[in-house]
Amino acid sequence: MVIKAVVFDVGETLIDETRIWSRWADRLGVPGFAFMGVLGGTAALDRSHRDAFEIIRPGLDVEAEIAAWEKDEPGSLRNHFDADDLYPDVRPALVELRAAGVQVIIAGNQPTRAYDALVAMDLPVDSIHTSDGWGVAKPAPAFFAKVAAVAGRRPEEILYVGDRLDNDVLPAGRAGMRTALLRRGPWGYLHADRAEASAADAVIDDLHGVLPALRRLGTD
């Protein structure tokens, strides 16, 4: 079966989250190295990234802190992203895929504001979708059913690309999709080192690896 659509996760797949987490460290008044280390620890232990806040600041109300941050810095990016946070391989890799006649979609666990930020980047994609917009988040099967529906493809015609086994590769595979695990970001490197990474149809080091993976999988 030839793969006709590629669907990309967002955080640490398209977006480098270094600035986001660095701004969080500054906001909480802790060294960036300490915050990043704790975040990596939660990834290694299969704990939610939200647990990093509890470890650093026990009892912290994250939503209240976000609201206070917005009040303090209404014009800043705070815990959001813009085009400056795109990984450098994103635009050229998307152009390569479109030139090859592949349908390209973005669909990840992101808030509504992330949708607006991604649209503003004018990326060469066919459509952009977020979990908040759909009202369902990964790894729920309903999320991947939505992916297939917006693509208008059978699951086996779709390659889902992400940096995590738990949220991306394994649930997309269970939905019948082909999968590529991207080795970047804390989860990407840690998960690619696990035995379960063999469940991915491809393990890639950057987004330029997607098109060669498509060509290989298309001959399977």
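The following conversation works through the sheet, its helices and the aromatic contacts of a predicted model.

Trainee: Let us begin with the sheet. How many strands form it, and in what order?

Mentor: Six strands form an open sheet, and their order is 3-2-1-4-5-6. The pairing is parallel.

Trainee: Which strands stand at the edges?

Mentor: Strand 3 (127-130) and strand 6 (202-204) do. Each has a single partner strand, so one side of each is left without a neighbour in the sheet. On average, neighbouring strands are turned by 20 degrees against each other, direction ignored.

Trainee: How many bridges join strand 1 to strand 4?

Mentor: Four bridges join them, and the two strands run parallel. As one example, F8 has V161 in strand 4 as its bridge partner.

Trainee: And what about strand 4 and strand 5, how many bridges there?

Mentor: Strand 4 and strand 5 pair in the parallel sense over four bridges. G162 has L181 in strand 5 as its bridge partner, and Y160 is partnered with T179 of strand 5.

Trainee: Over how many bridges do strand 5 and strand 6 pair?

Mentor: Strand 5 (residues 178-182) pairs with strand 6 over three bridges, in the parallel sense. There, A180 has A202 of strand 6 as its bridge partner.

Trainee: Through which helix does the chain cross from strand 4 to strand 5?

Mentor: The chain passes through helix 9 (residues 165-174), and this β-α-β crossover is right-handed. From strand 5 to strand 6 the chain crosses through helix 10 (residues 185-192), and that β-α-β crossover is right-handed too.

Trainee: Now burial. How many residues of strand 5 are buried?

Mentor: Five of its five residues are buried. Both faces are covered: R178, A180 and L182 lie on one side, and T179 and L181 on the other.

Trainee: Which residues point each way from strand 4?

Mentor: I158, Y160 and G162 point one way, L159 and V161 the other, and all are buried. In a regular strand the side chains alternate between the two faces of the sheet.

Trainee: Which strands does helix 8 lie across?

Mentor: Helix 8 lies across strand 1 (5-8), strand 2 (103-108), strand 3 and strand 4. Relative to strand 2, helix 8 runs at about 155 degrees.

Trainee: And helix 11, which strands does that one lie across?

Mentor: Helix 11 (residues 210-217) lies across strand 1, strand 4, strand 5 and strand 6, and runs at about 145 degrees to strand 4.

Trainee: A change of topic: how many aromatic pairs are there?

Mentor: The count comes to eight aromatic pairs. One of them is W24 with W69, an edge-to-face pair at 4.8 Å centre to centre with 65 degrees between the planes.

Trainee: Where do W24 and W69 lie?

Mentor: W24 lies in helix 1 (residues 18-28) and W69 in helix 4 (residues 62-72), so the pair ties together parts that are 45 residues apart in sequence. W24 is buried, with a relative accessible area of 3%, and W69 is likewise buried at 3% relative accessibility.

Trainee: What is the geometry of the pair F144 and Y160?

Mentor: F144 and Y160 are edge-to-face, at 5.5 Å centre to centre and 75 degrees between the planes. F144 belongs to helix 8 (residues 141-151) and Y160 to strand 4 (residues 158-162), so this pair ties together parts 16 residues apart in sequence. The relative accessible area of F144 is 1%, which is buried, and Y160 is buried at 0%.

Trainee: Back to W24. Which residues do ring pairs link into a cluster?

Mentor: The cluster consists of W21, W24, F35, F53 and W69.

Trainee: Which residues of helix 1 are buried, and what do they pack against?

Mentor: The buried residues are I20, W21, R23, W24, A25 and L28. They pack against helix 2 (32-44), helix 3 (50-56) and helix 4.

Trainee: What follows helix 1?

Mentor: G29 does, and its phi is positive, near 70 degrees.

Trainee: One last item: what lies over the face of Y87?

Mentor: R184 lies over that face, at 3.9 Å from the ring centre of Y87.

Conventions:
Residues are numbered from 1 along each chain as its sequence is written. This is a predicted model: local features need pLDDT of at least 70, side-chain atom pairs count only at pLDDT 80 or more; totals for chains, interfaces and linings use all residues. Side-chain values use heavy atoms; hydrogens and water are left out. Rings of Phe, Tyr and Trp (its six-membered ring) pair if their centres lie within 6.5 Å; planes under 30 degrees apart count as stacked, over 60 as edge-to-face and the rest as tilted. Buried means under 20% relative accessible area, exposed over 50%, partly exposed in between (1.4 Å probe, protein chains only). A charge sits over a ring if NZ of Lys or CZ of Arg is within 6 Å of the ring centre and within 35 degrees of the ring normal. Contact means heavy atoms within 4.5 Å. Two strands pair if DSSP finds at least two bridges between them. Axes are lines fitted to C-alpha atoms, for helices over the stretch in contact, and angles run from 0 to 180 degrees between N-to-C directions. A crossover is right-handed if, with the strands pointing away from the viewer, the path from the first strand over the helix to the second runs clockwise.
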